[in-house]
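Reader: I have just begun to study protein structures, and I would like to go through one slowly. Could you show it to me and then take my questions in turn?

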Amino acid sequence: MSCVVSVVNGFGLSSSSSSSSFSTTTTTSIRRKRIQVQKRTLLTSLTNNDEDNVFSITALSAGNNDGGDNNDNTGTTPATPTIPPATTVLVVGGSGRVGGSTVRWLQELAGRTENNKLNIKIKVGGRTKKSFEQAKKRGVLPLEMNAEDDFIQLDWAEWNEEQIETAILSSSDSNNNIGLVVHTAGPFQGRTDPTLLRCCIKHNIHYVDVCDEYELAVTSKELFHDDAKQLGITAVVSSGIWPGVSALMAANAVEKLEEQDENKNNENSNKADTIDFSFFTAGTGNAGPTIVSATFLLLATPVLAYRNSKKVELEPWTEKRMINFGKSIQEKSVWLLDNPDVPTTAVSLGSGSSGIPNVSSRFGTDPLPWNYLFGAMKAIPRSILYNREIMQNFALFSEPIIRVVDQMVGSTNAMRVDVSNKDNTKTITSLIVHNDLEMAVGLATAAFAIEVLKSNNKNGDNDDDDEQQEQQQTIPSGVWYPAELPKQARLNILEVVKEGTITYEV
Ligand SMILES: NC(=O)c1ccc[n+]([C@@H]2O[C@H](COP(=O)([O-])OP(=O)(O)OC[C@H]3O[C@@H](n4cnc5c(N)ncnc54)[C@H](OP(=O)(O)O)[C@@H]3O)[C@@H](O)[C@H]2O)c1
């Protein structure tokens, strides 16, 4: 890990490069105790008091930050309950295409009536202020954001934990407490440490990422699921449009197939046996160079698939199929490509104890020669394909060509999920098409984030809010893959993602 923080981060940190050790339990329990004491004080003052405080309770539950006029006309000293701060949502990678779109959708969704208790302040995390400013110029980030208040400098891949924690915590101020980190700063391929999630667990912050690297998602879950559960932290890994919403489509289709009640006498007939994921994105879907370099990295990654309940590794960009993506797109060729939805759905879905026996995922793009280029790139030695720097530079070098091609082919994103029973007599097909991948991935990531926020939204420290929070809690504490989310959370997220679709058959 590099140690240039005192030069670049402006927080006056020491330049020690050693990884800080920490005791999650100790720090968090101190923090929790402090919260409990604060909560007790607040409740005492509320129950001891008069009409003025009733007004304050109303202000609290309305999520109103101005606190109202707390005049004391009783002769006693009025308790002045602290107005709970708004929640800061830090979108790391927010200057990028996926992150920027997430920022815009978070802003949009949080302001809607159905989410009217979400009082959020969005900030962007990234390595350089320059890309933040460029993102504003390109319309990736809202113009009204300003670097002074809304940008947090951090490098999750190079800085040590202490430096990253200091940066994340600096996004809290007197009015806003950091409550959620959304991690979109890929590529995730080849990364092995869930650094940002670790910091979130340590500081009681909810977490969502768009990680498309299965091993990293597994590590996140293995290391932190129990801690998150115990500490009341909600984290969803591998969210986004795909992986992410695609896993929700699979969950829905499996449920639909298994709920069909014909042939009840044959208990195997409705059991889900096969999930086929197929994806098509025209060009890069108007997305960033990182998506291109992530695809290059994926071409060097053996494809994880399930065959007869056995995990197998297959050669990427093989086993071509022709898939119909509906009226607007029609038939496209797709090839095997690694996708964390495969193992997560294979293991989590289905009524059988052994999950879904056969699962695989394929991808194709336009223009057609792009697909052959991908096929040819496999011949490049893995050491080069897996060299993040070379591939990112290559993607940046190719960006002008990519942009021209994107303009020619459009940026449609289509996802089709087919779930079949064992004898292939029944298939449930789910299809979602948006005309822009960048829009769709931001909308989807924001939908997951909003669901986590709603699940943990607490605009006031009173019993009504406790009750309301319980009702809203569609995602329990823990680290979850999208495939594992409870039905209500799944339906809520799918409902949000319906927006702007050309085709929506779920
Ligand atoms: N799950 C899904 O549905 C889905 C779909 C599409 C893409 N993705 C993934 O999303 C990721 C982002 O794609 P993109 O197209 O948005 O890429 P992008 O436009 O290149 O943006 C990446 C952003 O991350 C920031 N960043 C990179 N490394 C960082 C680091 N070490 N620390 C802090 N910030 C860092 C960069 O800002 P600075 O230069 O300022 O640091 C940049 O703004 C990719 O990994 C891709 O695979 C997921």
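Author: What follows is a set of questions and answers about this predicted model.

Reader: How many helices and strands does the protein chain have, and what percentage of its residues are buried?

Author: Counted along the protein chain, the secondary structure comes to 18 helices and 16 strands. The chain has 506 residues, and the share of them that is buried is 49%.

Reader: Among contacts in the protein chain with a separation of 6 or more, what percentage join residues 24 or more positions apart?

Author: Here one takes the contacts whose partners have a separation of 6 or more and asks which of them link residues 24 or more positions apart. In the protein chain, that share is 76%.

Reader: Which helix gives the most residues to the largest nonpolar core?

Author: The largest nonpolar core has 131 residues, and V181, A235, A250 and A449 are those with the most contacts inside it. It draws at least three residues from each of domain 2 (84-239 + 440-500) and domain 3 (242-436). In soluble globular proteins, nonpolar side chains tend to be buried together. The helix that gives the most to this core, with 13 residues, is α16 (residues 437-455).

Reader: How many of the residues in helix α10 are buried?

Author: Helix α10 covers residues 241-259 and reaches 25 Å from its first C-alpha to its last, close to the 27 Å expected. The place of P243 is in this helix, and the peptide bond from W242 to P243 is cis, with omega near 0°. The helix is mostly covered, and the number of its 19 residues that are buried is 15.

Reader: At which residue does helix α15 bend?

Author: Helix α15 (residues 388-409) has 22 residues, and a straight helix of that length would span 32 Å, yet α15 spans only 27 Å between its end C-alpha atoms. Among its residues, M391, A395 and I402 are buried, while just after the helix G410 takes a positive phi of about 85°. A proline, P400, follows within four residues of the bend, which is about 55° and lies at E399.

Reader: Is W317 buried or exposed?

Author: W317 lies in the loop between β9 (310-314) and β10 (321-324), and its phi is near 60°, a positive value in a residue other than glycine. Most residues other than glycine have a negative phi. Around W317 there are 22 other C-beta atoms within 10 Å, and because the cut-off is 20 or more, W317 is buried.

Reader: How far apart in space are W317 and G375, C-alpha to C-alpha?

Author: Leaving aside residues up to four places away in sequence, W317 touches L299, W335, L336, L337, F374, G375 and K378. One of these, G375, is 58 residues from W317 in sequence. From C-alpha to C-alpha, the distance between W317 and G375 in space is 6.1 Å.

Reader: What is the phi of S238?

Author: S238 is found in the loop between β6 (234-236) and α10, and it is buried, because 31 other C-beta atoms lie within 10 Å. Its phi is positive, although S238 is a residue other than glycine, and the value is near 60°.

Reader: Which residue comes after D366 in the cis peptide bond?

Author: The bond in question has an omega of about -5°. The residue joined to D366 by this bond is in the loop between β12 (358-366) and α13 (368-377), and that residue is P367.

Reader: How many bridges join strand β7 to β13?

Author: Strand β13 (residues 413-421) is mostly covered, with seven of its nine residues buried. It runs antiparallel to β7 (residues 272-282), and T281 stands opposite N413 in β13. The number of bridges that join β7 to β13 is nine.

Reader: Which residue in the turn between β13 and β14 has a positive phi?

Author: Strands β13 and β14 (residues 427-434) pair in the antiparallel sense over eight bridges, and D418 stands opposite T429 in β14. The two strands form a hairpin with five residues between them. In that turn, the residue with a positive phi, of about 60°, is N424.

Terms used. Residues are numbered from 1 along each chain as its sequence is written. This is a predicted model: local features need pLDDT of at least 70, side-chain atom pairs count only at pLDDT 80 or more; totals for chains, interfaces and linings use all residues. The expected span of a helix is 1.5 Å times one less than its number of residues. A residue is buried if 20 or more other C-beta atoms lie within 10 Å of its own, exposed if 12 or fewer, and partly exposed in between; C-beta atoms are placed from the backbone. Two residues are in contact if their C-beta atoms, placed from the backbone, lie within 7 Å. A nonpolar core is a set of buried Ala, Val, Leu, Ile, Met, Phe, Trp, Tyr and Cys residues joined through C-beta atoms within 7 Å. Domain bounds come from an automatic or database domain assignment. The bend at a residue is the angle between axes fitted to the seven residues ending there and the seven starting there. Two strands pair if DSSP finds at least two bridges between them.
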